[in-house]
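The following exercises ask you to read a structure step by step, from a single annotated residue to the packing of whole elements. Try each task before turning to its solution.

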Amino acid sequence: MAVSKNESKASLLVVEDEESIREAIKLNLELEGYEVTTVDNGAAVLKAVKAEYFDLIILDIMLPEMDGITVCENIRVQNNEVPILFLSARNSGADRIEGLRKGGDDYMTKPFNLEELLLRVEKLVVKNKKLKERNTAPDVYAFGKSRIDFTGQSAKDKDGKAIELSKKEIALLRLLIEHKGEVVSREHILQVVWGYNVYPTTRTIDNFILNFRKYFEKDTRNPKHFHSVRGVGYKFTE
């Protein structure tokens, strides 16, 4: 199903070392309205995943130097839950089980039916979107002695002093509060708050978190509300 013009395009990464297959998949996905990046080896996948946010990865298993199973394991070690659809010439039950056990979300064998591939891609993208959706934070949110006015783009700090917040600060606060008690990955923060695929460095988010601690924490060295989880992401707690 094509993506309508008023919806943001889902971003897909296609990993396939055979150029003809890679380009055919890319063309058909773009015709369906997806934004598609392609690479042809495992090392390039890991580099791309660290730099960009993807809604889905279509991953060939038979890749040069580093196979798709190893690539998938490396992605999962980074705590990245991006959906992965394996493509493989291996069609035994044992191969399918290994692919799914190692972190894959779906498994298709070559040669594949194009219409079936597009349908599976759509279902995985929609499922991933639903999993990331949360109830919207209220227009005004209070915790401790602090208060955030999302609509007015302002807040009261830990001492009740009024402060003005930037659009990025409001967007990041809203995201963290909507996921209260959960670790939000760096990739998800960058996609939601910055909204494009070439992201600032991790240090940029760290600086925002440091500012939040100055605003809302009694003890910035031992934060109660805004936490950095090394190598994973960030978390808000009351």
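Helices (H or I, at least four residues) and strands (E, at least two) are DSSP runs, numbered from the N terminus. The model is a predicted one, in which local features need pLDDT of at least 70 and side-chain atom pairs count only at pLDDT 80 or more, while totals for chains, interfaces and linings use all residues. Residues are numbered from 1 along each chain as its sequence is written, and side-chain values use heavy atoms, with hydrogens and water left out.

**Exercise 1. Locate D60, state what the record says of it, and describe its surroundings.**

Solution. Begin with the record: UniProt, in an unreviewed entry, places the feature "modified residue: 4-aspartylphosphate" at D60. UniProt positions are given in the numbering used here, feature names are shortened, and annotations may be inferred rather than shown by experiment.

Next, place the residue: D60 belongs to strand β3, which covers residues 56-60. Its relative accessibility is 2%, so D60 counts as buried (buried means under 20% relative accessible area, exposed over 50%, partly exposed in between, with a 1.4 Å probe and protein chains only).

Finally, list the contacts, that is, heavy atoms within 4.5 Å. When neighbours within four places in sequence are left aside, D60 is in contact with V15, E16, D17, G68, L87, S88 and K110.

**Exercise 2. Is β3 enclosed or open, and which strands pair with β3?**

Solution. Five of the five residues of β3 are buried, and the strand is therefore largely enclosed by the rest of the structure. Taking the two faces in turn, L56, I58 and D60 are buried on one side, and I57 and L59 are buried on the other.

For the pairing, note that two strands pair if DSSP finds at least two bridges between them. Strand β1 (residues 11-15) runs parallel to β3 and is joined to it by four bridges, with V15 having L59 as its bridge partner in β3. Strand β4 (residues 84-88) also pairs with β3 in the parallel sense, over four bridges, and here I58 stands opposite L85 of β4.

**Exercise 3. What is the strand order of the open sheet of four strands, and which helix packs on this sheet?**

Solution. The order is β6-β7-β8-β9, and the pairing is antiparallel. Because β6 (140-143) and β9 (162-164) stand at the edges with a single partner strand each, one side of each is left without a neighbour in the sheet. On average, neighbouring strands of this sheet are turned by 20° against each other, direction ignored. Three bridges join the antiparallel strands β8 (residues 154-156) and β9, and K156 stands opposite A162 in β9. Helix α6 (residues 167-178) packs on the sheet, where it touches β6, β7 (146-149), β8 and β9, and its direction makes about 115° with that of β7. Axes are lines fitted to C-alpha atoms, for helices over the stretch in contact, and angles run from 0 to 180 degrees between N-to-C directions.

**Exercise 4. How do the helices α6 and α7 cross, and how do α2 and α3 cross?**

Solution. The axes of α6 and α7 come within 9 Å and cross at roughly 135°, which makes α6 oblique to α7; angles under 35 degrees count as roughly parallel, over 145 as roughly antiparallel, 65 to 115 as roughly perpendicular and the rest as oblique. At this crossing, K168, A171, L172, L175 and L176 in α6 meet H188, I189, V192, V193 and W194 in α7.

For the second pair, helix α2 (residues 42-51) and helix α3 (residues 68-77) have axes that come within 10 Å and cross at roughly 20°, and the two are therefore roughly parallel to each other. G42, V45, L46 and V49 in α2 meet V71, N74 and I75 in α3.

**Exercise 5. Where does K102 lie, and is K102 buried, partly exposed or exposed?**

Solution. K102 has its place in the loop between α4 (93-101) and β5 (106-109). With a relative accessible area of 32%, K102 is partly exposed. Apart from neighbours within four places in sequence, K102 is in contact with I69, C72, E73 and R76. K102 and Q153, by contrast, are 51 residues apart in sequence and 44 Å apart in space, C-alpha to C-alpha.
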